[in-house]
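Welcome, and thank you for taking a look at this one. Please have the sequence and the 3D view open side by side as you read.

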Amino acid sequence: MNELSKSNPVVFAAGLGKTYEAKGKKVVALDGISLEVNAGEFVSVCGPSGCGKSTLLLILGLLLKQDEGSLKLSGTDVSDLSQSSKSSFRAEHIGFVFQDFHLIPYLSVMDNILVPSLAKPVENAADRARMLLSEMGIENRCDHLPSALSAGERQRTALVRALLLQPELILADEPTGNLDRENSTIVLDHLAGYTDRGGAVIMATHDNEAMERTGTRIVLDEGRQISSK
Ligand SMILES: Nc1ncnc2c1ncn2[C@@H]1O[C@H](COP(=O)(O)OP(=O)(O)OP(=O)(O)O)[C@@H](O)[C@H]1O
Ligand SMILES: [Mg+2]
């Protein structure tokens, strides 16, 4: 986590809006969402299915462009960066846990986890990966392909991949969605511990236990922010 995160909010978003168009129909997925997230904050984004949680995380992770509003990450105005600058920025600053994992099917668990270290080489990446896998209780799955894992094991693999480079910001989309209570608690402990060490975590969730672990809850309904506390 670099020095910038100490002087600027990790996320500063104002008036984010996104409308999808599919088969001639418009769906307003986000409308006027503003948020500020600082280093060390654990934030949940909650609300019913379809309210815009994943859309918000994808925009904050520079994987989707908003139609309206501005976005600064760690003090950088990221809205108008080129695609390649966005990719570099993401590799440097953001870890993403996707709702559907996005593991590479022909790479082992270990190789999937090491993918981010190709974009940003770090020392002892493999040792760190093994330590995180062991903390998640899946060290004996290192050599397996994702297709040989349970959904919960895939989810934990995706989380280890996001944690590997110790980014300033972790965006986690339903990270406990496929886990039993015991494993959810392990994942939530990891995310909370990450914020204790100065990282910022924004997590989309339906899970009450997960929401209760966060200091700030942003509640969405049909793309609008109905409360933030
Ligand atoms: N690529 C797309 N094209 C058209 N509409 C989309 C697209 N992606 C999402 N939507 C719509 O945008 C709205 C918000 O979707 P989003 O996936 O952000 O919701 P969500 O809160 O993450 O839902 P869930 O809890 O089910 O994951 C939904 O109405 C969805 O149908
Ligand atoms: Mg979603």
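Here are some numbered notes, going from the whole chain to single residues.

1. A word before you start: this is a predicted model. Please keep that in mind when you read the values below, which are all computed.

2. Let us begin with the overall build. The chain contains 9 helices and 10 strands. Its radius of gyration is 17 Å, close to the 17 Å that the globule rule gives for 229 residues, so the chain is as compact as a globular protein of that length. Along the principal axes, the C-alpha trace spans about 45 × 35 × 35 Å.

3. Next, the inside and the outside. Of the 229 residues, 48% are buried. The chain exposes about 10600 Å², and carbon and sulfur atoms supply 49% of that area. If you take the contacts between residues at least 6 apart in sequence, 70% of them join residues at least 24 apart.

4. A brief point on charge. The chain carries 23 positive and 30 negative charges, and the mean positions of the two sets are 4 Å apart.

5. Now please find the magnesium ion (ligand 2). Which protein atoms serve as its donors? They are OG of S54 and OE1 of Q99, at 2.0 to 2.3 Å from the ion. S54 belongs to helix α2 (residues 53-60), while Q99 sits in the loop between β6 (94-97) and α4 (109-114), so the pair ties together parts that are 45 residues apart in sequence. S54 is partly exposed, with a relative accessible area of 22%. Q99 is also partly exposed, at 42% relative accessibility.

6. A29 is a good residue to visit in strand β2 (residues 25-37). Is A29 buried or exposed? A29 is buried, with a relative accessible area of 7%. Setting aside residues up to four places away in sequence, A29 touches K18, T19, Y20, C51, G52, T55 and G223. By contrast, R90 is 61 residues along the chain from A29, and their C-alpha atoms are separated by 23 Å.

7. Finally, turn to M203 in strand β8 (residues 200-204). M203 is buried, and its relative accessible area is 0%. Beyond its neighbours within four places in sequence, M203 has contacts that include F42, V43, S44 and V45, as well as A172, P175, L188 and L191. A210 and T214 are also among the contacts of M203. D173 is 30 residues from M203 along the chain, yet their C-alpha atoms are separated by 5.7 Å.

Note on methods. Residues numbered from 1 in each chain as written. Chains lettered and ligands numbered in written order. Predicted model: local features only at pLDDT ≥ 70, side-chain atom pairs only at ≥ 80, totals over all residues. Heavy atoms only, no water. Helix = DSSP H or I, 4+ residues; strand = E, 2+ residues; numbered from the N terminus. Rg over C-alpha atoms; globule rule 2.2 N^0.38 Å. Buried < 20%, exposed > 50% of the residue type's maximum accessible area, 1.4 Å probe, protein only. Contact = heavy atoms within 4.5 Å. Areas by Shrake-Rupley, 256 points an atom, 1.4 Å probe, with all protein chains shown as cover. Lys, Arg positive; Asp, Glu negative; His and termini not counted. Charge placed at Lys NZ, Arg CZ, Asp CG, Glu CD. Donors = N, O, S within 2.8 Å, 3.2 Å for Na, K, Ca; no water.
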